[in-house]
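User: I'm new to reading protein structures. Could you take one part of this one and walk me through it slowly, starting from the big picture?

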Amino acid sequence: MSTMPVRSSEPHPDYSRGSSSAVLGKSVIVKGEIHGREDLTIDGEVEGTIELQEHRLTIGPNAKVNATVKAREVVVLGTLHGNVETRDRVEIRKEARLVGDIRTARIVIEDGAYFKGAVDILRAETPKPQAVSAPKPQPQPVASAAVPNAGAPSASVRPVPSSIAAAGGDIKR
């Protein structure tokens with residue numbers, strides 16, 4: 001454990017939310033994959049991939065990260081080279097450098113931050129109500145038997161098939 005005083009500008013884990021948090025310090029170097037089920041703050045060097053699907057990743061002010069990142073939320077205070085995909089948001093603070101493409105629902109880029117890449121803003125899919133279509137009337141076959149009350153008006157009306165209606169004539173029996 002270091003006895004050096006901690007600078008107030010460095011990120012501190014947020015214990016007030018009740019979630020656990022892990023920290024990779026300035027002297028830590030990781031090459032490979034990081035998968036986690038808690039918030040993570042990196043202040044060292046990481047090369048590879050970082051996946052924290054349901055949690056927050058903070059790239060500290062001393063961090064140098066060269067990785068593909070997938071997390072719920074990403075906050076960059078240091079240097080990140082790689083593509084970032086978040087479900088919630090990405091914050092690039094004023095002293096940060098991010099080079100890579102971003103896919104996120106929300107993004108904050110502070111004045112003074114360096115960003116080079118593309119941004120794809122994802123919109124939450126809202127379920128669209130399906131249009132209820134009325135069943136199409138089926139053509140009724142024309143009766144070939146004798147029609148009772150042939151001269152009298154009919155009490156029920158049946159749709160005329162379009163092939164007959166297009167002919168434009170009367171049907172005689």
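Analyst:
**Strand S4 and its surroundings**

Of the chain's 173 residues, 25% count as buried. Keep in mind that this is a predicted model. The chain has 1 helix and 12 strands, and if you read along the sequence, the pattern is β-β-β-β-β-β-β-β-β-β-β-β-α. The chain exposes about 12,500 Å², and carbon and sulfur atoms supply 52% of that. Among contacts between residues at least 6 apart in sequence, 7% join residues at least 24 apart.

Now let's zoom in on S4, which covers residues 45-59. Which strands pair with it? Start with S2 (residues 29-35): S2 and S4 run parallel, paired over 7 bridges. One place to spot this is Ile-29, which stands opposite Glu-45 in S4. Next comes S3, which is joined to S4 by 3 bridges, again in the parallel sense. Two pairs of residues help you find this one: Leu-40 has Leu-57 in S4 as its bridge partner, and Ile-42 stands opposite Ile-59. Then there is S5 (residues 64-76), joined to S4 by 12 bridges and also running parallel to it. Here, look for Glu-47, which sits opposite Asn-66 in S5.

It's worth pausing at S3 (residues 39-42), as both of its faces are covered. Asp-39 and Thr-41 point to one side, Leu-40 and Ile-42 to the other, and all four are buried. S3 also pairs with S1 (residues 21-24), over 4 parallel bridges. In that pairing, Val-23 has Thr-41 as its bridge partner.

So what sits inside? Nonpolar side chains in soluble globular proteins tend to be buried together. In this model, the largest nonpolar core holds 23 residues, and the members that touch the most others are Ile-42, Ile-50, Leu-57, Val-65 and Val-84. The elements giving two or more residues to this core are S3, S4, S5 and S7. S5 gives the most, with 6 residues. You've already met Ile-42, the residue opposite Ile-59 in S4, and Leu-57, the bridge partner of Leu-40.

Let's follow Val-84 a little further. Leaving out neighbours within four places in sequence, Val-84 is in contact with Val-69, Val-74, Val-90, Leu-98, Asp-101, Ile-102 and Arg-103.

Strand S7 (residues 84-92) also holds Glu-91. Is Glu-91 buried or exposed? Its relative accessibility is 8%, so Glu-91 counts as buried, since the cut-off for that is under 20%. Apart from residues within four places in sequence, Glu-91 contacts Arg-56, Glu-73, Val-74, Val-75, Val-76 and Val-108.

For a contrast, try Arg-97 in S8 (residues 97-99). Its relative accessible area is 38%, so Arg-97 is called partly exposed: that value falls between the 20% and 50% cut-offs. Again skipping residues up to four places away in sequence, Arg-97 touches Val-76, Gly-78, Thr-79, Leu-80 and Tyr-114. You can also check how Arg-97 sits relative to Gly-112: they're 15 residues apart in sequence, with their C-alpha atoms 9.6 Å apart in space.

To retrace the tour, find S4 and its parallel partner S5, then look for the core members that touch the most others, Val-65 and Ile-50 among them.

Technical notes
Residues are numbered from 1 along each chain as its sequence is written. This is a predicted model: local features need pLDDT of at least 70, side-chain atom pairs count only at pLDDT 80 or more; totals for chains, interfaces and linings use all residues. Side-chain values use heavy atoms; hydrogens and water are left out. Buried means under 20% relative accessible area, exposed over 50%, partly exposed in between (1.4 Å probe, protein chains only). Contact means heavy atoms within 4.5 Å. Two strands pair if DSSP finds at least two bridges between them. A nonpolar core is a set of buried Ala, Val, Leu, Ile, Met, Phe, Trp, Tyr and Cys residues joined through side-chain atoms within 4.5 Å. Accessible areas come from the Shrake-Rupley method with a 1.4 Å probe; for residues, only the protein chains shown count as cover.
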